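Here are some exercises to work through with the model open beside you. Try each task before you read its solution.

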Amino acid sequence: MTADIWFEVASSVCLLIGALLSLAAGIGLLRFPDALSRMHAATKPQIAGLAFILLAVALEQRNWATVSTLFLVMLFQMLTAPVAAHMIGRAAYRTRHLRRELLLTDELADVVDRASHDLATDPATRPK
Amino acid sequence: MSGVRGSIWRQVPLLVWLVVLWLFLWDQVSVLSIVTGLVLALLVTRVFYLPPVELPDRVNPLGVLLFIVRFIVDLVRASFQVAWMAIDPRRVPTSSIIAVQLSTKSDLSLTLTALAVSLVPGSLIVEADRQDDILYLHALGTETPEDVEQVRAGVLAVEERIVRAIGSRDDVRRVNLSRAERSLPPLITGRRQSAWESRHPMVPAEQYTPEGGYPE
């Protein structure tokens, strides 16, 4: 069966690409300088890495029961990863776990400063 | 459409989706799985009550397809870019925190834009201002101010693709106005859009509320 061989090859290629992207994510986690940059490595190449690995499994198995489950895995990964990244990123920013000398611009700084200044000085301006 | 009847019809898409999810988990379609799915869906929506989301009043299937294809292309390309930044031994990437003022006011567009932007590597949502519809994102690998502007334009392009796909008529009008300010042609025009706009006067951004945008 020649078709089977082609599916095998495609599956192997996807598996390799997925593994390489995950490896790069791991290296990024070590090499990137601050918490926010590391969040990119921790959440992002992983999405495509996972997609390629799931694609490899789908090409290998080729039945609807597996594909529907893989679809759910991908969907919930895509729904939850940004939320987790946002929560950690937000906490990292507010606790100043970032290296400002490596930032080109920070258009959020003024807003946060103003908000915390308002909170600290005048309870009347506290947002409800 | 008001009161109890309205709230039930609003929940139908959510119920259908929960049953489909249940069928996917069981990998089979049978009377038993559909009935148990329906019972569970009703139970879940009663116990874990969520505030209703304003569903869009228009859907463009071609726009949805266009958005998904473009999203996958962006995702894969940016994944390799970030992967390369991670292993490139010559330099440490410079980042920026960028404020992007979105054009639309609806919760759904804001959420979907934030999700899509967040999933594409190289950009991470640090903060979202629902009141003023501003997304603050951390962008990796912005070496020059031009890169920053490119990221900003990229986010607005994502928003426009989402609005083209499933934006409400109000979203479309706001995007068209915002594009007009930048002297760009409107995103979508049409008889039904103009008819809707003539029947619904523009609500200023400061007075817009997600719950009571436009009573029918």
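**Warm-up: the domains of chain B**

The centres of domain 1 and domain 2 of chain B, taken over C-alpha atoms, are 32 Å apart. Domain 1 covers 3–47 and domain 2 covers 61–207, with bounds that come from an automatic or database domain assignment.

A bit of housekeeping: this is a predicted model, where local features need pLDDT of at least 70, side-chain atom pairs count only at pLDDT 80 or more, and totals for chains, interfaces and linings use all residues. Residues are numbered from 1 along each chain as its sequence is written, while chains are lettered from A and ligands numbered from 1 in the order in which they are written.

**Exercise 1. Describe the overall build of chain B: how many helices and strands does the chain have, and in which pattern?**

Step 1. Count the elements: chain B has seven helices and three strands. Helices (H or I, at least four residues) and strands (E, at least two) are DSSP runs, numbered from the N terminus.

Step 2. Walk along the sequence, and the pattern reads α-α-α-β-α-β-β-α-α-α.

Step 3. Get a feel for the dimensions: the C-alpha trace of chain B spans about 60 × 45 × 30 Å along its principal axes.

Step 4. Check burial: 31% of the 216 residues of chain B count as buried. A residue is buried if 20 or more other C-beta atoms lie within 10 Å of its own, exposed if 12 or fewer, and partly exposed in between, with C-beta atoms placed from the backbone.

**Exercise 2. Work out the sheet: in which order do its four strands lie?**

Step 1. Start with β1(B), residues 95–101. β1(B) pairs with β3(B), residues 134–139, in the antiparallel sense over six bridges; two strands pair if DSSP finds at least two bridges between them. In this pairing, B:Ala99 has B:Tyr136 as its bridge partner.

Step 2. Now bring in chain A. Its strand β1, residues 103–106, pairs with β1(B) in the parallel sense over two bridges. Here A:Leu103 is partnered by B:Ser95, and A:Asp106 stands opposite B:Ile97.

Step 3. Put the strands in a row: the order is β1(A)-β1(B)-β3(B)-β2(B), in an open sheet with mixed pairing. The edge strands, each pairing on one side only, are β1 of chain A and β2 of chain B. On average, neighbouring strands are turned by 25° against each other, direction ignored.

Step 4. Ask why β1(B) is largely enclosed by the rest of the structure. Five of its seven residues are buried, so there's your reason.

Step 5. Add a helix: α5(B), residues 145–166, lies across β1 of chain A together with β1, β2 and β3 of chain B, at about 40° to β1(B).

**Exercise 3. Explore where the chains meet: which element of chain B gives the most residues to the side that touches chain A?**

Step 1. Count both sides: 32 residues of chain B are in contact with 34 residues of chain A. Contact means that the C-beta atoms, placed from the backbone, lie within 7 Å.

Step 2. Find the top contributor on the chain B side: that's α3(B), with seven residues.

Step 3. Sort that side by class, and you get 22 nonpolar, eight polar and two charged residues. Ala, Val, Leu, Ile, Met, Phe, Trp, Tyr, Cys and Pro count as nonpolar, Asp, Glu, Lys and Arg as charged, and the others, Gly among them, as polar.

Step 4. Zoom in on one helix pair. The axes of α3(A), residues 64–94, and α4(B) come within 9 Å and cross at roughly 85°. Axes are lines fitted to C-alpha atoms, for helices over the stretch in contact, and angles run from 0 to 180 degrees between N-to-C directions.

Step 5. Name the arrangement: α3(A) and α4(B) are therefore roughly perpendicular. Angles under 35 degrees count as roughly parallel, over 145 as roughly antiparallel, 65 to 115 as roughly perpendicular and the rest as oblique.

Definitions and conventions: Contact = placed C-beta atoms within 7 Å.
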